[in-house]
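Here's a quick briefing to read alongside the model. Have the viewer open and click through the residues as they come up.

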Amino acid sequence: MYEARVLPFLTWPEEKAGKIGELRSRFPMELGVLVNRYVDPFVGGGSVLFEVMSTPGMQEGVISDINPELVNTYKQVQLHVDDLLSHLQSLENQFLERSWQEKIEFYKTCRLRYLYLKDSSREDILVRKAAIFILLN
């Protein structure tokens, strides 16, 4: 049976992705056998989460973070992945059709839009906010 390897979709300032080989050597030998649940209180970009969950036999991942925008993004991936992908595709298309200078302006516009949306708790914008968060990161 083929196990798909899942990779992080965000890069984070304190990302451990470059050290994943070293970290993997410290994972318990029972990972995926006796240990099939992973808990990460500071998930960040999720490089360790995705590495652990790519281990055959892993059944559950429980994640948290202090950053509410990051938490929202993971929730939208979990609950509304199709809508999120649709928003991301739209942003990508808008980005790709622009010249280099226009791409810079588009990024700046998205950043301003995100800052405006960031403080809103309206349920109807959570997916859009997550899509822009992914784009900016």
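Let's begin with Arg 128, which sits in helix α6 of this predicted model. Its relative accessible area is 33%, so Arg 128 counts as partly exposed, falling between the 20% limit for buried and the 50% limit for exposed. If you want a long ruler across the fold, go from Arg 128 to Gly 21: their C-alpha atoms are separated by 34 Å, with the two positions 107 residues apart along the chain.

**Around α3 and α6**

- Glu 69 belongs to helix α3, which covers residues 68-79.
- Is Glu 69 buried or exposed? Glu 69 is buried, because its relative accessibility is 9% and the cut-off for buried is under 20%.
- Setting aside neighbours within four places in sequence, Glu 69 is in contact with Tyr 114, Lys 118, Lys 129 and Phe 133.
- Ser 120 is a loop residue, placed between α5 and α6, the latter running over 126-136.
- With a relative accessibility of 21%, Ser 120 counts as partly exposed, since buried would require a value under 20%.
- Not counting residues up to four places away in sequence, Ser 120 touches Ile 125 and Lys 129.
- Lys 129 therefore turns up in both contact lists, that of Glu 69 and that of Ser 120, with contact meaning heavy atoms within 4.5 Å.

**How α4 and α5 pack**

- Two packed helices are described by the angle between their axes and the distance between the axes.
- Helix α4 takes in residues 81-96 and helix α5 residues 100-118; their axes come within 9 Å and cross at roughly 145°.
- On the α4 side, the residues that meet α5 are Leu 91, Gln 94, Phe 95 and Leu 96.
- On the α5 side, Lys 103, Phe 106, Cys 110 and Arg 113 meet α4.
- Sorted by class, this contact has 5 nonpolar, 1 polar and 2 charged residues.

**The loop at Gly 45**

- Gly 45 is found in the loop between β1 (37-40) and α2 (47-53).
- Gly 45 counts as buried because its relative accessibility is 2%, against a limit of under 20%.
- Which distance separates Gly 45 from Leu 10 in space? C-alpha to C-alpha they are 5.0 Å apart, while in sequence they are 35 residues apart.

**The chain as a whole**

- The chain has 6 helices and 2 strands, and from the N terminus on they run α-β-α-β-α-α-α-α.
- Its C-alpha trace spans about 50 × 35 × 30 Å along the principal axes.
- Of the 137 residues in the chain, 33% are buried.
- Take the contacts between residues at least 6 apart in sequence: 62% of them join residues at least 24 apart.
- The accessible surface comes to about 9,300 Å², and carbon and sulfur atoms hold 56% of that.
- On charges, there are 16 positive and 19 negative side chains, and the centres of the two sets lie 4 Å apart.

Conventions. Residues are numbered from 1 along each chain as its sequence is written. This is a predicted model: local features need pLDDT of at least 70, side-chain atom pairs count only at pLDDT 80 or more; totals for chains, interfaces and linings use all residues. Side-chain values use heavy atoms; hydrogens and water are left out. Helices (H or I, at least four residues) and strands (E, at least two) are DSSP runs, numbered from the N terminus. Buried means under 20% relative accessible area, exposed over 50%, partly exposed in between (1.4 Å probe, protein chains only). Accessible areas come from the Shrake-Rupley method with a 1.4 Å probe; for residues, only the protein chains shown count as cover. Lys and Arg count as positive and Asp and Glu as negative; His and the chain ends are not counted. The place of a charge is taken as NZ of Lys, CZ of Arg, CG of Asp or CD of Glu. Axes are lines fitted to C-alpha atoms, for helices over the stretch in contact, and angles run from 0 to 180 degrees between N-to-C directions. Ala, Val, Leu, Ile, Met, Phe, Trp, Tyr, Cys and Pro count as nonpolar, Asp, Glu, Lys and Arg as charged, and the others, Gly among them, as polar.
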